[in-house]
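Here are my notes on the model you sent, set out as numbered points. I begin with the metal sites and then turn to the fold around them.

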Amino acid sequence: MTFKIGSHVGMGAKDYYLGSVKEALSYEANALMLYTGAPQNSVRTPLEKLKIEEAKQLLKEHDIPLENVIIHAPYLINLANTVNPDTFENSKKMLGVEIERSKAFGAKYLVLHPGSHLKMGSEAGIQKIIEGLNEVLAEHQDMIVALETMAGKGAEVGWRFEEIAEIIAGCKYPEWLGVCFDTCHTHDAGYDLADFDNVLKEFDRVIGLDRLNVIHLNDSMNERGARKDRHANLGYGKIGFDTLYNIAHHPSLENVVKILETPYVNGTAPYKYEIASLRSGKWDEHLMEIKG
Ligand code: FE
Ligand code: FE
Ligand code: ZN
């Protein structure tokens with residue numbers, strides 16, 4: 001089984017999706033994650049312009065299966081918003097659009113932040129997310145929406161496995177739901193990743209391991225349980241390289257795509273070095289060089 005590793009990549013003019021694939025290849029990745037437009041707004045370049053066929057052809061030439069392409073939904077989507085009906089309506093609309101765009105990209109998984117309950121309480125947020133997913137998934141299917149485990153910053157919903165499980169259990173279309181496990185977020189939420197077998201056991205008991213579709217592999221700047229969400233380069237945070245390496249190569253997760261969302265270092269993408277260190281098990285002396 002090949003180790004499925006990549007990072008988030010850009011999708012800018014004028015090469016768009018083709019450029020995203022080229023960027024991933026420059027990191028020697030065999031997986032990638034991208035937004036189909038700016039993450040913080042809903043302006044979307046029409047599909048015809050995105051060089052989708054060329055991108056798929058290039059992936060094929062490099063034996064990279066389309067299921068290794070992960071799409072991340074814009075953060076603007078908030079299905080947990082019980083306060084502003086317009087935001088809720090727009091969020092549903094945007095999610096529908098993203099599902100259709102993700103299909104055109106050939107992706108299998110669309111990562112979504114469950115939402116923010118805006119001080120209305122997590123239970124209200126969870127019920128609103130269920131309502132939103134039920135409406136969107138009734139019309140837009142054939143894409144697995146992978147709910148991301150969150151850090152528990154502010155009013156974020158989905159930082160405890162139980163909250164994710166409740167959303168899935170309440171949804172009429174559980175066959176179209178999965179989970180994206182973010183290591184920085186789960187650490188910040190309080191899970192002890194140094195004992196990863198135990199965390200996975202808990203995940204399996206509460207959600208079910210078969211739902212784990214994507215891993216976001218990030219170190220964290222903060223102590224476990226800090227509920228902050230600040231990503232660090234592998235081995236430069238409070239999780240540590242050995243623990244992250246162990247997660248990346250965990251035998252139960254061989255089939256799961258791992259995506260780095262670590263910060264740029266002195267204006268340079270660290271992904272080529274981080275991917276190399278995850279392959280070799282030798283921690284990034286190159287990254288030290290760009291760190292200066
Ligand atoms: Fe995310
Ligand atoms: Fe993430
Ligand atoms: Zn994060």
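1. A term first: a donor here is an N, O or S atom within 2.8 Å of the metal, and water is not among the atoms, so sites may look incomplete. With that in mind, the donor residues of the zinc ion (ligand 3) follow the sequence spacing H-x43-D-x1-H. Please also keep in mind throughout that this is a predicted model.

2. The residues behind that spacing are His 185, which offers NE2, Asp 229, which offers OD, and His 231, again through NE2, and they coordinate the zinc ion (ligand 3) at 2.0 to 2.3 Å. Asp 229 and His 231 are both buried. Between the zinc ion (ligand 3) and the iron ion (ligand 1) the separation is 5.5 Å.

3. The iron ion (ligand 1) has as its protein donors His 72 (NE2), His 113 (NE2) and Glu 148 (OE), at 2.1 to 2.3 Å, and along the chain these donors are spaced H-x40-H-x34-E. His 72 belongs to strand S3 while His 113 sits in the loop between S4 and strand S5 (115–116), so that the pair, 41 residues apart, links distant parts of the chain. A second iron ion (ligand 2) lies 3.4 Å from the iron ion (ligand 1), and Glu 148 coordinates both.

4. Are the two histidines of this iron site buried or exposed? His 72 has a relative accessibility of 1% and therefore counts as buried, whereas His 113, with a relative accessible area of 22%, is partly exposed. The cut-off matters for His 113, because buried means under 20% relative accessible area.

5. Turning to the fold, eight strands close into a barrel, with parallel pairing, in the order S1-S2-S3-S4-S6-S8-S9-S12. On average, and with direction ignored, neighbouring strands of this sheet are turned by 30 degrees against each other. Helix H1 packs on the sheet, where it touches strand S1 (5–8), strand S2 (31–34) and S3, and the direction of H1 makes about 135 degrees with that of S2.

6. Strand S4 (residues 109–112) deserves a closer look: Tyr 109 and Val 111 point one way and Leu 110 and Leu 112 the other way, yet all are buried. On one pairing, strand S3 (residues 69–72) runs parallel to S4 and is joined to it by three bridges, with Ile 71 standing opposite Leu 110. On another, S4 pairs in the parallel sense with strand S6 (residues 144–148) over four bridges, and there Leu 110 has Val 145 as its bridge partner. S3 and S4, together with helix H3 (residues 85–105), make a right-handed β-α-β unit.

7. Finally, consider how helix H1 (residues 16–26) lies against helix H2 (residues 52–61): their axes come within 7 Å and cross at roughly 25 degrees. Angles under 35 degrees count as roughly parallel, and H1 and H2 are therefore roughly parallel to each other. In this packing Tyr 17, Leu 18, Val 21, Lys 22 and Leu 25 of H1 meet Ile 52, Glu 54, Ala 55, Leu 58 and Leu 59 of H2.

Key
Residues numbered from 1 in each chain as written. Chains lettered and ligands numbered in written order. Predicted model: local features only at pLDDT ≥ 70, side-chain atom pairs only at ≥ 80, totals over all residues. Heavy atoms only, no water. Donors = N, O, S within 2.8 Å, 3.2 Å for Na, K, Ca; no water. Buried < 20%, exposed > 50% of the residue type's maximum accessible area, 1.4 Å probe, protein only. Helix = DSSP H or I, 4+ residues; strand = E, 2+ residues; numbered from the N terminus. Pairing = 2+ DSSP bridges. Right-handed = clockwise from strand over helix to strand, strands pointing away. Axes fitted to C-alpha atoms, helices over the stretch in contact; angles between N-to-C directions. Parallel < 35°, antiparallel > 145°, perpendicular 65-115°, else oblique. Contact = heavy atoms within 4.5 Å.
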